[in-house]
Amino acid sequence: MTPLIGSMMLIAYLCGSVSSAVIVSKLFRLPDPRLHGSGNPGATNVLRLGGTVPAILVLVADVLKGTIPVWGSYFLKIEPFYLGIIAICACLGHIYPIFFGFKGGKAVATAFGTMLPIGLDLAGLLIAGWMILVGATGYSSFAAIVTVSLAPIFTWFIKPLYTVPVLMLSILIVVRHRENIVRLWEGTESKVWDKTKRLKE
(Lines give C-alpha, C1' and ligand atoms only; values in the text may rest on other atoms or scores of the structure.)
Protein backbone atom coordinates (compact mmCIF):
# COMPACT_ATOMS: atom_id res chain seq x y z
CA MET A 1 0.00 0.00 0.00
CA THR A 2 1.39 3.39 -1.02
CA PRO A 3 1.42 6.60 1.07
CA LEU A 4 -1.13 8.05 -1.35
CA ILE A 5 -3.58 5.23 -0.66
CA GLY A 6 -3.01 5.52 3.08
CA SER A 7 -3.64 9.26 2.92
CA MET A 8 -6.87 8.79 0.99
CA MET A 9 -8.03 6.16 3.47
CA LEU A 10 -7.49 8.65 6.30
CA ILE A 11 -9.22 11.45 4.39
CA ALA A 12 -12.16 9.15 3.64
CA TYR A 13 -12.49 8.19 7.31
CA LEU A 14 -12.37 11.83 8.41
CA CYS A 15 -14.98 12.82 5.79
CA GLY A 16 -17.20 10.00 6.98
CA SER A 17 -16.75 11.12 10.58
CA VAL A 18 -18.59 14.39 9.94
CA SER A 19 -22.04 13.55 11.33
CA SER A 20 -24.44 15.38 9.04
CA ALA A 21 -27.45 14.33 11.09
CA VAL A 22 -26.10 15.86 14.30
CA ILE A 23 -24.98 19.09 12.60
CA VAL A 24 -28.23 19.60 10.67
CA SER A 25 -30.29 18.80 13.77
CA LYS A 26 -28.42 21.49 15.73
CA LEU A 27 -28.93 24.02 12.92
CA PHE A 28 -32.67 23.30 12.85
CA ARG A 29 -32.92 23.13 16.66
CA LEU A 30 -34.05 19.52 16.52
CA PRO A 31 -33.46 16.83 19.17
CA ASP A 32 -30.14 15.02 19.00
CA PRO A 33 -30.84 12.06 16.65
CA ARG A 34 -28.45 9.91 18.68
CA LEU A 35 -30.68 10.28 21.73
CA HIS A 36 -34.18 10.56 20.25
CA GLY A 37 -36.38 8.70 17.80
CA SER A 38 -34.64 5.55 16.65
CA GLY A 39 -31.31 6.66 18.09
CA ASN A 40 -29.71 6.39 14.66
CA PRO A 41 -28.00 9.58 13.36
CA GLY A 42 -29.14 9.28 9.78
CA ALA A 43 -31.59 10.81 7.30
CA THR A 44 -34.46 8.46 8.18
CA ASN A 45 -34.40 9.36 11.85
CA VAL A 46 -34.05 13.08 11.08
CA LEU A 47 -37.11 12.71 8.84
CA ARG A 48 -39.02 11.36 11.83
CA LEU A 49 -37.76 14.08 14.15
CA GLY A 50 -37.76 17.15 11.93
CA GLY A 51 -39.41 16.58 8.58
CA THR A 52 -38.42 16.57 4.94
CA VAL A 53 -36.05 19.52 4.53
CA PRO A 54 -33.56 18.60 7.27
CA ALA A 55 -33.70 14.95 6.20
CA ILE A 56 -32.86 15.85 2.59
CA LEU A 57 -29.92 17.96 3.74
CA VAL A 58 -28.61 15.06 5.83
CA LEU A 59 -29.10 12.63 2.95
CA VAL A 60 -27.22 14.81 0.45
CA ALA A 61 -24.36 15.47 2.89
CA ASP A 62 -24.04 11.79 3.78
CA VAL A 63 -23.92 10.84 0.09
CA LEU A 64 -21.29 13.48 -0.69
CA LYS A 65 -18.96 12.44 2.12
CA GLY A 66 -18.78 9.02 0.47
CA THR A 67 -18.57 10.30 -3.11
CA ILE A 68 -15.87 12.94 -2.66
CA PRO A 69 -13.00 10.77 -1.34
CA VAL A 70 -13.76 7.85 -3.68
CA TRP A 71 -14.13 10.05 -6.75
CA GLY A 72 -10.94 11.87 -5.81
CA SER A 73 -9.14 8.55 -5.47
CA TYR A 74 -10.52 7.43 -8.84
CA PHE A 75 -9.02 10.48 -10.56
CA LEU A 76 -5.74 9.79 -8.77
CA LYS A 77 -5.68 6.46 -10.65
CA ILE A 78 -5.97 4.32 -7.52
CA GLU A 79 -6.86 0.76 -8.50
CA PRO A 80 -10.37 -0.65 -7.89
CA PHE A 81 -9.53 -2.88 -4.92
CA TYR A 82 -8.12 0.04 -2.96
CA LEU A 83 -11.03 2.22 -4.05
CA GLY A 84 -13.17 -0.33 -2.19
CA ILE A 85 -10.96 -0.03 0.89
CA ILE A 86 -11.22 3.77 0.75
CA ALA A 87 -15.00 3.48 0.40
CA ILE A 88 -15.11 1.24 3.47
CA CYS A 89 -13.05 3.81 5.40
CA ALA A 90 -15.63 6.49 4.57
CA CYS A 91 -18.42 4.21 5.80
CA LEU A 92 -16.48 3.31 8.95
CA GLY A 93 -16.11 7.03 9.60
CA HIS A 94 -19.89 7.38 9.43
CA ILE A 95 -20.42 4.35 11.68
CA TYR A 96 -17.67 5.26 14.16
CA PRO A 97 -17.17 9.05 13.82
CA ILE A 98 -14.08 10.29 15.64
CA PHE A 99 -15.63 13.77 15.99
CA PHE A 100 -18.85 12.52 17.60
CA GLY A 101 -17.84 10.01 20.23
CA PHE A 102 -17.66 7.10 17.77
CA LYS A 103 -21.48 6.82 17.78
CA GLY A 104 -22.68 6.93 14.19
CA GLY A 105 -25.29 5.60 11.81
CA LYS A 106 -25.76 2.71 9.41
CA ALA A 107 -23.82 4.30 6.50
CA VAL A 108 -26.37 3.42 3.83
CA ALA A 109 -26.31 6.87 2.19
CA THR A 110 -22.54 7.09 2.50
CA ALA A 111 -22.13 3.65 0.91
CA PHE A 112 -24.42 4.77 -1.91
CA GLY A 113 -22.22 7.84 -2.34
CA THR A 114 -19.11 5.70 -2.67
CA MET A 115 -20.78 3.74 -5.47
CA LEU A 116 -21.78 6.82 -7.48
CA PRO A 117 -18.44 7.06 -9.33
CA ILE A 118 -19.12 3.62 -10.83
CA GLY A 119 -21.89 5.11 -12.94
CA LEU A 120 -25.30 6.74 -12.99
CA ASP A 121 -26.87 3.52 -14.28
CA LEU A 122 -25.91 1.74 -11.06
CA ALA A 123 -27.08 4.72 -9.01
CA GLY A 124 -30.43 4.70 -10.82
CA LEU A 125 -30.95 1.00 -10.16
CA LEU A 126 -30.13 1.40 -6.47
CA ILE A 127 -32.39 4.43 -6.02
CA ALA A 128 -35.27 2.80 -7.89
CA GLY A 129 -34.91 -0.43 -5.92
CA TRP A 130 -34.82 1.36 -2.58
CA MET A 131 -37.81 3.58 -3.38
CA ILE A 132 -39.93 0.68 -4.62
CA LEU A 133 -39.18 -1.40 -1.53
CA VAL A 134 -39.82 1.47 0.89
CA GLY A 135 -43.05 2.33 -0.87
CA ALA A 136 -44.20 -1.28 -0.81
CA THR A 137 -43.21 -2.12 2.78
CA GLY A 138 -42.57 1.12 4.66
CA TYR A 139 -39.35 -0.32 6.07
CA SER A 140 -36.24 1.75 5.30
CA SER A 141 -33.98 -0.90 6.81
CA PHE A 142 -35.48 -3.72 4.72
CA ALA A 143 -35.14 -1.61 1.56
CA ALA A 144 -31.52 -0.84 2.40
CA ILE A 145 -30.62 -4.47 3.15
CA VAL A 146 -32.17 -5.82 -0.06
CA THR A 147 -30.86 -3.01 -2.26
CA VAL A 148 -27.30 -3.21 -0.96
CA SER A 149 -27.39 -6.99 -1.34
CA LEU A 150 -28.31 -6.57 -5.00
CA ALA A 151 -25.61 -3.94 -5.60
CA PRO A 152 -22.78 -6.43 -6.37
CA ILE A 153 -25.02 -8.20 -8.90
CA PHE A 154 -25.89 -4.92 -10.62
CA THR A 155 -22.21 -3.96 -10.61
CA TRP A 156 -21.21 -7.26 -12.20
CA PHE A 157 -23.38 -6.47 -15.24
CA ILE A 158 -22.40 -2.78 -15.41
CA LYS A 159 -18.68 -2.65 -14.49
CA PRO A 160 -17.48 -6.09 -13.35
CA LEU A 161 -14.08 -4.69 -12.34
CA TYR A 162 -15.73 -3.07 -9.30
CA THR A 163 -17.75 -6.09 -8.15
CA VAL A 164 -15.38 -7.08 -5.32
CA PRO A 165 -15.17 -3.55 -3.82
CA VAL A 166 -18.96 -3.24 -3.93
CA LEU A 167 -19.34 -6.69 -2.39
CA MET A 168 -17.10 -5.62 0.51
CA LEU A 169 -19.28 -2.57 1.06
CA SER A 170 -22.46 -4.63 0.88
CA ILE A 171 -21.24 -7.06 3.53
CA LEU A 172 -20.36 -4.15 5.84
CA ILE A 173 -23.80 -2.56 5.49
CA VAL A 174 -25.70 -5.82 5.94
CA VAL A 175 -23.69 -6.66 9.07
CA ARG A 176 -24.40 -3.17 10.38
CA HIS A 177 -28.12 -3.93 9.99
CA ARG A 178 -28.03 -7.20 11.95
CA GLU A 179 -30.30 -5.81 14.70
CA ASN A 180 -32.77 -4.58 12.09
CA ILE A 181 -32.85 -8.05 10.55
CA VAL A 182 -33.82 -9.51 13.92
CA ARG A 183 -36.59 -6.92 14.40
CA LEU A 184 -37.87 -7.43 10.87
CA TRP A 185 -38.07 -11.15 11.57
CA GLU A 186 -39.90 -10.52 14.85
CA GLY A 187 -42.21 -7.94 13.28
CA THR A 188 -41.15 -5.15 15.63
CA GLU A 189 -39.24 -2.91 13.18
CA SER A 190 -40.47 0.68 12.85
CA LYS A 191 -41.58 2.15 9.53
CA VAL A 192 -40.33 5.30 7.82
CA TRP A 193 -43.49 7.29 8.49
CA ASP A 194 -43.89 6.10 12.05
CA LYS A 195 -42.77 9.04 14.21
CA THR A 196 -43.98 7.57 17.46
CA LYS A 197 -42.04 4.35 17.86
CA ARG A 198 -38.70 4.65 19.57
CA LEU A 199 -37.26 1.32 18.50
CA LYS A 200 -33.62 1.48 17.62
CA GLU A 201 -33.07 1.41 13.85
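This report describes two helix packings and three individual residues in a predicted model.

Residues are numbered from 1 along each chain as its sequence is written, and side-chain values use heavy atoms, with hydrogens and water left out. Because the model is predicted, local features need pLDDT of at least 70 and side-chain atom pairs count only at pLDDT 80 or more, while totals for chains, interfaces and linings use all residues.

**Helix packing**

Helices are DSSP runs (H or I, at least four residues) numbered from the N terminus. Axes are lines fitted to C-alpha atoms over the stretch in contact, and angles run from 0 to 180 degrees between N-to-C directions.

| Helix pair | Angle | Axis separation |
|---|---|---|
| α4 (residues 52-75) and α6 (residues 108-115) | about 40 degrees | 7 Å |
| α1 (residues 3-16) and α4 | about 165 degrees | 8 Å |

Angles under 35 degrees count as roughly parallel, over 145 as roughly antiparallel, 65 to 115 as roughly perpendicular and the rest as oblique. Helices α4 and α6 are therefore oblique to each other, whereas α1 and α4 are roughly antiparallel. The crossing of α4 and α6 is right-handed (the near helix is turned clockwise from the far one by less than a right angle), and the crossing of α1 and α4 is also right-handed.

Contact means heavy atoms within 4.5 Å. On the α4 side, Leu59, Asp62, Val63, Lys65, Gly66, Thr67 and Val70 meet Ala109, Thr110, Phe112, Gly113 and Thr114 of α6. This contact comprises 5 nonpolar, 5 polar and 2 charged residues; Ala, Val, Leu, Ile, Met, Phe, Trp, Tyr, Cys and Pro count as nonpolar, Asp, Glu, Lys and Arg as charged, and the others, Gly among them, as polar. In the other pair, Met8, Ala12, Cys15 and Gly16 of α1 meet Lys65, Pro69 and Ser73 of α4. By class, the α1 contact with α4 has 4 nonpolar, 2 polar and 1 charged residues. Lys65 of α4 is thus listed in the contact with α6 and in that with α1.

**Individual residues**

Asn45 belongs to helix α3 (residues 43-50). Asn45 is buried (under 20% relative accessible area, 1.4 Å probe, protein chains only; exposed is over 50%, partly exposed in between), with a value of 0%. Its side chain reaches the backbone oxygen of Pro33 at 3.0 Å.

Most residues other than glycine have a negative phi. Lys77, in the loop between α4 and α5 (80-95), has a positive phi of about 70 degrees. Lys77 is exposed, at 75% relative accessible area. Phe102, in the loop between α5 and α6, has a positive phi of about 60 degrees and is partly exposed at 48%.

Terms used
Helices (H or I, at least four residues) and strands (E, at least two) are DSSP runs, numbered from the N terminus. A polar contact is a pair of N or O atoms within 3.5 Å; within protein, one must be able to donate a hydrogen and the other to accept it, and residues adjacent in sequence count only if both atoms are side-chain atoms.
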